[in-house]
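Hello,

Here is the structure I promised to send over. Have a look at it first, and then read on for my notes on what turned up in it.

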Amino acid sequence: MEKNVRLRVLYVMELFVEQTDSEKGVTMQEILDWLGEHNLTGERKSIYEDIHALKEFGLDIQYTQSDKTYRLASR
């Protein structure tokens with residue numbers, strides 16, 4: 001596993017913890033932009049895998065179809 005992949009999942013987790021809650025979510029594009037601001041890259045498929053891994057880790061990440069956002073629903 002390359003360094004970028006390990007850092008990417010940690011930055012995705014940081015984004016969920018610091019900037020989302022049960023009311024405010026982020027779009028896939030906002031996740032990709034966040035990573036870009038931290039000099040990391042990822043494709044949508046890899047971000048889906050990161051989110052899945054974080055959910056398996058125990059984070060309550062939920063997707064809302066109506067506004068196409070992801071959020072950390074509970075802490």
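Let me start with a tyrosine. Tyr70 is buried, with a relative accessible area of 10%. Please keep in mind throughout that this is a predicted model. The bridge partner of Tyr70 is Tyr63, and Tyr70 itself belongs to strand S2. Tyr63 is partly exposed, at a relative accessible area of 39%. The two rings also form an aromatic pair, with 4.7 Å from centre to centre and 45° between the planes, which makes the pair tilted. The count of aromatic pairs in the model comes to one.

Now for the strands around those tyrosines. S1 covers residues 60-64 and S2 covers residues 69-74; they run antiparallel, and five bridges join them. Thr64 stands opposite Thr69 of S2. The hairpin made by S1 and S2 has four residues between the strands. Lys68 sits in that loop between S1 and S2, and its phi is positive, near 55°, although Lys68 is not a glycine. As background, most residues other than glycine have a negative phi.

You will find another positive phi at Asn39, again in a residue other than glycine, with a value near 60°. Asn39 follows helix H2 and is found in the loop between H2 and H3. Is Asn39 buried or exposed? With a relative accessibility of 72%, Asn39 counts as exposed.

Next, helix H2 itself, which spans residues 28-37. Its buried residues are Met28, Ile31, Leu32, Trp34 and Leu35. Looking down the axis of H2, you would see these buried residues fall within an arc of 155°, so they line one face of the helix.

That brings me to the interior. The largest nonpolar core has 17 residues, and those touching the most other members are Phe16, Ile31, Leu35, Ile47, Ile51, Ile61 and Tyr70. At least two residues of this core come from each of helix H1 (3-19), H2, helix H3 (44-57) and S2. Which element gives the largest share of the core? That is H2, with five residues.

Ile51 is a good residue to click on if you want to explore the core. Ile51 lies in helix H3 and counts as buried, at 5% relative accessibility. Leaving aside residues up to four places away in sequence, Ile51 touches Phe16, Ile31, Ile61 and Tyr70. So that you can place Ile51 relative to the hairpin, its C-alpha atom is separated by 14 Å from that of Thr64, and these two residues are 13 apart along the chain.Finally, the charged side chains. In general, side chains of opposite charge can pair when their charged atoms come close. How many salt bridges does the structure hold? There are two.

One of them joins Arg8 and Asp50, with the closest N and O atoms 2.5 Å apart. Arg8 lies in helix H1 and Asp50 in helix H3, so this pair ties together parts that are 42 residues apart in sequence. Arg8 and Asp50 are both buried.

The other salt bridge is where the side chains of Arg71 and Asp67 meet, at 3.7 Å from N to O. Here the two partners can be told apart by their accessibility: Arg71 is buried, with a relative accessible area of 7%, whereas Asp67 is partly exposed, with a relative accessible area of 38%.

If you would like a short route through the model, you could begin at the pair of Tyr63 and Tyr70, move on to Ile51 and the residues it touches, and finish at the salt bridge of Arg8 with Asp50.

Best wishes

Methods: Residues numbered from 1 in each chain as written. Predicted model: local features only at pLDDT ≥ 70, side-chain atom pairs only at ≥ 80, totals over all residues. Heavy atoms only, no water. Buried < 20%, exposed > 50% of the residue type's maximum accessible area, 1.4 Å probe, protein only. Arc of directions from axis to C-beta. Pairing = 2+ DSSP bridges. Phe/Tyr/Trp six-rings, centres within 6.5 Å; stacked < 30°, edge-to-face > 60°. Core = buried A, V, L, I, M, F, W, Y, C linked by side-chain atoms within 4.5 Å. Contact = heavy atoms within 4.5 Å. Salt bridge = Lys/Arg side-chain N within 4 Å of Asp/Glu carboxyl O.
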